[in-house]
Amino acid sequence: MTGLTEYLMSKNEKDIITVGVSTDFCLDATVKSGFEQGFHMIIPAYANSTYDNPYFDGETAYKYYNEFMWPVRYAQTFSVEETIEIMRNLLVS
């Protein structure tokens with residue numbers, strides 16, 4: 001355990017914006033773990049990617065997670081512009 005969850009909770013953080021590589025591995029685990037810990041997970045569009053694997057090419061994997069898997073339960077996906085506005089609003093409040 002890294003202590004990140006405890007740190008974020010001690011700072012009363014609720015909204016987590018996540019970006020990265022390996023959409024179908026590291027990022028998926030991060031999104032689901034954050035959701036399970038009670039965080040509001042936010043994913044900006046086109047701010048993650050992955051490699052082709054035996055089951056999906058990278059583009060299909062991206063669409064599967066960003067357009068189907070995460071928005072149904074685990075996270076909200078927004079355009080980059082909307083995410084920036086969310087960040088601005090969080091800084092003001």
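User: In this predicted model, is Met 87 buried, partly exposed or exposed, and what is its relative accessible area?
Analyst: The model is a predicted one, and within it Met 87 has its place in helix 4. Together with Ile 17 and Val 19, Met 87 makes a nonpolar surface patch of about 240 Å². Because a residue counts as buried under 20% and as exposed over 50%, Met 87 falls in the class between them and is partly exposed, with a relative accessible area of 40%.

User: How many salt bridges does the structure hold?
Analyst: Side chains of opposite charge can pair when their charged atoms come close. In this model Asp 28 meets Lys 32, Glu 59 pairs with Lys 63, and Glu 85 pairs with Arg 88. The number of salt bridges held by the structure is three.

User: What is the N to O distance in the salt bridge of Asp 28 and Lys 32, and how are the two residues placed in helix 2?
Analyst: Asp 28 and Lys 32 are four residues apart in helix 2, which spans residues 23–36, so about one helical turn separates them. Asp 28 is buried at a relative accessible area of 10%, whereas Lys 32 is partly exposed at 22%. Their side chains meet in a salt bridge with an N to O distance of 3.1 Å.

User: Over the face of which residue does Lys 32 lie, and at what distance from the ring centre?
Analyst: Lys 32, the partner of Asp 28 in a salt bridge, also has an aromatic neighbour, which is buried with a relative accessible area of 16%. That neighbour is Tyr 74, and Lys 32 lies over its face at a distance from the ring centre of 5.3 Å.

User: Which residues of helix 2 are buried?
Analyst: The buried residues of helix 2 pack against strand 2 (20–21), strand 3 (40–44), strand 4 (48–49), helix 3 and strand 5 (75–78). Just after helix 2, Gly 38 takes a positive phi of about 95 degrees. The buried residues of the helix itself are Thr 23, Asp 24, Leu 27, Asp 28, Val 31 and Gly 34.

User: How are Glu 59 and Lys 63 placed in helix 3, and how far apart are their closest N and O atoms?
Analyst: Helix 3 covers residues 58–74, and because Glu 59 and Lys 63 are four residues apart in it, they are separated by about one helical turn. Glu 59 is exposed at 53% relative accessibility, while Lys 63 is partly exposed at 40%. The closest N and O atoms of this salt bridge are apart by 3.4 Å.

User: Which residue forms a salt bridge with Glu 85?
Analyst: An α-helix has 3.6 residues a turn, so residues three or four places apart point the same way. Glu 85 and its partner are three residues apart in helix 4 (residues 80–92), and about one helical turn therefore lies between them. Glu 85 is partly exposed at 37% relative accessibility, and its partner is exposed with a relative accessible area of 52%. With the closest N and O atoms 3.7 Å apart, the residue that pairs with Glu 85 is Arg 88.

User: How many aromatic pairs are there, and is the pair of Phe 35 and Tyr 74 stacked, tilted or edge-to-face?
Analyst: The count of aromatic pairs comes to six. Phe 35 lies in helix 2 and Tyr 74 in helix 3, so their pair ties together parts that are 39 residues apart in sequence. Their ring centres are 5.2 Å apart, and because planes at 80 degrees exceed the cut-off of 60, the pair counts as edge-to-face.

User: Which residues are linked by ring pairs into a cluster?
Analyst: Tyr 64 and Phe 68 form a tilted aromatic pair, 5.5 Å centre to centre and with 40 degrees between the planes. Being four residues apart in helix 3, Tyr 64 and Phe 68 are separated by about one helical turn. Tyr 64 is partly exposed at 28%, as is Phe 68 at 49%. The cluster linked by ring pairs consists of Phe 56, Tyr 64, Tyr 65, Phe 68 and Trp 70.

User: Leaving aside neighbours within four places in sequence, with which residues is Leu 8 in contact?
Analyst: Leu 8 is found in helix 1 (residues 4–10) and counts as buried at 17% relative accessibility. The C-alpha atoms of Leu 8 and Phe 39 are separated by 9.4 Å, although these residues are 31 residues apart along the chain. With neighbours within four places left aside, the contacts of Leu 8 are Glu 13, Ile 16 and Phe 39.

Conventions. Residues numbered from 1 in each chain as written. Predicted model: local features only at pLDDT ≥ 70, side-chain atom pairs only at ≥ 80, totals over all residues. Heavy atoms only, no water. Salt bridge = Lys/Arg side-chain N within 4 Å of Asp/Glu carboxyl O. Buried < 20%, exposed > 50% of the residue type's maximum accessible area, 1.4 Å probe, protein only. Patch = residues over 30% accessible without salt bridge, like charges linked within 9 Å, V, L, I, M, F, W, Y side chains within 5 Å. Areas by Shrake-Rupley, 256 points an atom, 1.4 Å probe, with all protein chains shown as cover. Contact = heavy atoms within 4.5 Å. Phe/Tyr/Trp six-rings, centres within 6.5 Å; stacked < 30°, edge-to-face > 60°. Lys NZ or Arg CZ within 6 Å of the ring centre and 35° of its normal.
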